[in-house]
Amino acid sequence: MAELIRVEGACKRFPNGVEVFAGLDLVVAEGECLCIVGPSGCGKTTLLRAIDGLIALDAGRITIAGGEVRGPRRDVAMVFQGFGLFPWKTVEQNIAYGLEMAGAPRPLIRERVARQVELVGLRGFERALPHQLSGGMRQRVGLARALAVEPDVLLMDEPFGSLDALTREVLQDELLRIWQARPVTTVFITHSIEEAIALGDRVVVLGPRPARVRTVLEVDIPRPRSVASVVAHPSFVRLRDRCWSVLRDLEAA
Ligand SMILES: Nc1ncnc2c1ncn2[C@@H]1O[C@H](COP(=O)(O)OP(=O)(O)OP(=O)(O)O)[C@@H](O)[C@H]1O
Ligand SMILES: [Mg+2]
């Protein structure tokens, strides 16, 4: 498959002296879902923000479809750690935000918002404010807002991290279904190894700061998938154990 995102020799040090990564390399293929796991504070969010063009690297470069990332791009959408919704905007207005920023015409915005509301199962809540929604529903809004712009790249930063186990599994299944309907190249950060295996085509394990890629695991579980089908697959336990042992070795080092 053709490569879409390339991170090459990425170095980032914050002004306070924290060196987040030093020479990080990563490639994401077109249509692939790449899941990233790694110790807390190792630089996962920083990496995603750099791919999103929100922060600049000190050295190295990131390209998307061959073009160097120098700032936020229309074809890249992010689902934030925490929900990142505007509390004063309704569900509809939150979902419309990215399209409005892109200057999309009104009728297109209306059509896309309606489709996303349907896709993520929020019909009947279009006029609700975020505080009137459950955590799972808020995360659906965040996902719908990102998908509404029909991005080529979807960046997801622990989108389901704060949800209860049941809601989380429901949303994982929905995401698998949404990808099935319209594949979009995705970088998905998670603390859950099981989630990374369920959703990813490959799982990258990052080491502690300054982060480097320690291991890349190919998830040889066919799609279409559901969380239940992944967990029942013979490869699942092997992949999970492998991932755990890499993370345990990092802790011990
Ligand atoms: N704007 C900033 N200024 C200074 N240091 C920062 C800034 N943003 C992040 N850091 C530091 O960079 C390191 C990496 O942070 P980052 O948020 O990328 O980690 P993470 O892997 O996403 O962690 P978590 O798994 O807890 O979400 C941390 O040590 C953090 O304190
Ligand atoms: Mg983070």
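1. The pairing of strand 3 (residues 33-37) with strand 9 (residues 202-206) is a convenient place to start: the two run in the parallel sense over four bridges. Isoleucine 36 stands opposite valine 204 in strand 9, and leucine 34 has arginine 202 of strand 9 as its bridge partner. The model is a predicted one.

2. On its other pairing, strand 9 meets strand 10 in the antiparallel sense, over five bridges. Here leucine 206 is placed opposite valine 213 of strand 10. The connection from strand 9 to strand 10 is a hairpin through six residues.

3. These strands belong to an open sheet of six strands, in the order 6-7-8-3-9-10, with mixed pairing. Strand 6 (76-79) and strand 10 (213-218) are at the edges with a single partner strand each, so one side of each has no neighbour in the sheet. The average turn between neighbouring strands of this sheet is 15 degrees, direction ignored.

4. Two helices that pack on this sheet deserve a comment. Helix 4 (residues 135-148) touches strand 6 and strand 7 (153-157), and its direction makes about 175 degrees with that of strand 6. Helix 8 (residues 234-252) touches strand 3, strand 9 and strand 10; its direction makes about 175 degrees with that of strand 10.

5. Strand 9 is mostly covered, with four of its five residues buried. For valine 203, neighbours within four places in sequence left aside, the contacts are Cys35, Val37, Ala196, Ile197, Leu217, Val219 and Cys243.

6. Valine 203 also figures in the largest nonpolar core, which has 69 residues; Cys35, Ile51, Leu155 and Val203 are those with the most contacts inside it. Helix 4 gives the most to this core, namely six residues. As general background, nonpolar side chains in soluble globular proteins tend to be buried together.

7. A further open sheet is formed by four strands in the order 2-1-4-5, and its pairing is antiparallel. Its edge strands are strand 2 (19-29) and strand 5 (67-68), each of which pairs on one side only. Within this sheet, strand 1 (residues 3-13) and strand 4 (residues 59-64) are paired in the antiparallel sense over five bridges, and valine 7 stands opposite isoleucine 62 of strand 4.

8. Helix 1 (residues 44-51) lies across strand 1, strand 2 and strand 4 and runs at about 120 degrees to strand 1.

Conventions. Residues are numbered from 1 along each chain as its sequence is written. Chains are lettered from A and ligands numbered from 1 in the order in which they are written. This is a predicted model: local features need pLDDT of at least 70, side-chain atom pairs count only at pLDDT 80 or more; totals for chains, interfaces and linings use all residues. Two strands pair if DSSP finds at least two bridges between them. Axes are lines fitted to C-alpha atoms, for helices over the stretch in contact, and angles run from 0 to 180 degrees between N-to-C directions. Two residues are in contact if their C-beta atoms, placed from the backbone, lie within 7 Å. A nonpolar core is a set of buried Ala, Val, Leu, Ile, Met, Phe, Trp, Tyr and Cys residues joined through C-beta atoms within 7 Å. A residue is buried if 20 or more other C-beta atoms lie within 10 Å of its own, exposed if 12 or fewer, and partly exposed in between; C-beta atoms are placed from the backbone.
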